[in-house]
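Good morning, everyone, and thank you for making the time. Please have a look at the sequence and the structure before I start talking.

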Amino acid sequence: MSSLFGWVIPYIVVLLFLGGMLLRIMSWLKIPVPFKLTVFPCPKTRAGAAADLVTESVGFKSLWRGGKGLWFMSWLFHISLAFILIGHFFGIGFLGQQFTWIGATSEQSLELSVLFGTYAGVALSLGLLLLAIRRITSPTMKFISSFADYLVLVLLIGIVGSGMYMRMFHGVTYEAVHDYLIGLITFHPVPLPDNMAFIFHFTLVQLLLLYFPYSKLLHSCGIFFSRWLIVRPHERQVIIK
Ligand code: HEM
């Protein structure tokens, strides 16, 4: 049973995730764009579009215009999620030793890793909680919410909750997770870390990956394909007859 969950299912999940993402992106690329039309005020040049992409994806510029409260909740959630994911890569990948590169001792590096992980985890929990409360308490939001909206919230709360539980109470060592993931990547699988919170966390992450290509979470990739960013209406259009 543990080899099925630890060694077989993760490969199937990654294949289904990559296949799903490829299908979705290919379907966007195939959509014909007969006219260079986009939404006003779009940038005139490619450099302007690149600058817009940065301010939009880091600062959530268009949400700011829509209301400061929603902007704050959403920004807090997304920025802390980015920190968490980067932190997972370095913390698990380099066993919390990443800060030795900038002069910290081994113990200091581990402490900093724990500190940043905890702060980012608290910020992510707060952002997620505020967004969940907004969806549940606002009558307008309730009216436009579907099962899918609640499903992603439940999955994310489960992932963040189990992550914070490991962080605060019943941790698993970076080494155990590192060895397990390296084993998977190099096709020399080692047993799953024996920690229920980790197994729960990892299973929910896999469910999220399976659902990701078909969920609204795909907007994180869709922004890079939006007409306002990829279409430059001011440039001369070449019409092939
Ligand atoms: C392959 C995927 C993942 C693995 C192997 C993994 C593993 C872990 C581990 C081992 C911890 C505990 C760290 C500690 O106690 O020192 C943790 C914590 C956490 N995880 Fe994950 N995780 C994964 C994906 C995710 C994703 C996608 C999210 C968010 C959507 C997430 C959110 C968190 C949070 C919020 C914490 C607590 C704060 C922190 O320690 O950084 N994890 N994760």
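I will go through the surroundings of the ligand, then the salt bridges, then one polar contact, and finally a patch on the surface.

Let me say at the outset that what you are looking at is a predicted model, and that the values I quote are computed from it.

I begin with the ligand. Which residues are the closest to the ligand? There are 22 residues around it, and the closest are H88, G117, G163, R167 and H201. Three of these have a polar side-chain atom for which I can quote a distance to a particular kind of ligand atom. For H88, a polar side-chain atom lies 2.7 Å from a nitrogen atom of the ligand, and for H201, an N or O atom of the side chain is 2.8 Å from a nitrogen atom of the ligand. With R167 the partner is an oxygen atom of the ligand, which lies 2.9 Å from a polar atom of the arginine side chain.

If we ask where the shell comes from, at least two residues each are supplied by α4 (68–93), α5 (106–137), α7 (147–168), α8 (174–185) and α9. The largest share belongs to α7, which gives seven residues to the shell. In character, the shell around the ligand divides into 17 nonpolar residues, four polar ones and one charged one.

Let me turn to the salt bridges. As a general matter, side chains of opposite charge can pair when their charged atoms come close. How many salt bridges does a search of the whole structure find? The search finds three.

One of them joins D52 to K61, with 2.9 Å between the closest N and O atoms. D52 is buried, because its relative accessible area is 11%, under the 20% cut-off, whereas K61, at 30%, is partly exposed.

Another salt bridge brings together the side chains of D149 and R135, at 3.7 Å from N to O. Since D149 lies in helix α7 and R135 in helix α5, this pair ties together parts that are 14 residues apart in sequence. D149 counts as buried at 11% relative accessibility, and R135 is likewise buried, with a relative accessible area of 13%.

D149 also meets the side chain of K216 in a salt bridge, here at 3.0 Å from N to O. This pair links distant parts of the chain, 67 residues apart, with D149 in helix α7 and K216 in the loop between α9 and α10 (219–222). K216 is partly exposed, its relative accessible area being 40%. Taken together, R135, D149 and K216 are linked in a network of salt bridges.

Next, a word on Q98, which sits in the loop between α4 and α5. Is Q98 buried or exposed? With a relative accessible area of 11%, Q98 is buried, and its side chain makes a polar contact of 3.3 Å with the side chain of S113.

Finally, the surface. L4, F5, W7, V8, I12, L16, L207 and L210 make a nonpolar surface patch of about 670 Å². The elements that contribute two or more residues to the patch are α1 (2–30) and α9 (196–211), and the largest share, six residues, comes from α1. Among the patch residues, L4 is found in helix α1 and is partly exposed, with a relative accessible area of 40%.

That is what I wanted to show, and I am happy to take questions.

Terms used: Residues are numbered from 1 along each chain as its sequence is written. This is a predicted model: local features need pLDDT of at least 70, side-chain atom pairs count only at pLDDT 80 or more; totals for chains, interfaces and linings use all residues. Side-chain values use heavy atoms; hydrogens and water are left out. Patches are made of residues with over 30% relative accessible area and no salt bridge: like charges are joined within 9 Å, nonpolar side chains (Val, Leu, Ile, Met, Phe, Trp, Tyr) within 5 Å. Accessible areas come from the Shrake-Rupley method with a 1.4 Å probe; for residues, only the protein chains shown count as cover. A salt bridge is a side-chain nitrogen of Lys or Arg within 4 Å of a carboxyl oxygen of Asp or Glu. Helices (H or I, at least four residues) and strands (E, at least two) are DSSP runs, numbered from the N terminus. Buried means under 20% relative accessible area, exposed over 50%, partly exposed in between (1.4 Å probe, protein chains only). A residue is near a molecule or strand if one of its heavy atoms lies within 4 Å of it. A polar contact is a pair of N or O atoms within 3.5 Å; within protein, one must be able to donate a hydrogen and the other to accept it, and residues adjacent in sequence count only if both atoms are side-chain atoms. Ala, Val, Leu, Ile, Met, Phe, Trp, Tyr, Cys and Pro count as nonpolar, Asp, Glu, Lys and Arg as charged, and the others, Gly among them, as polar.
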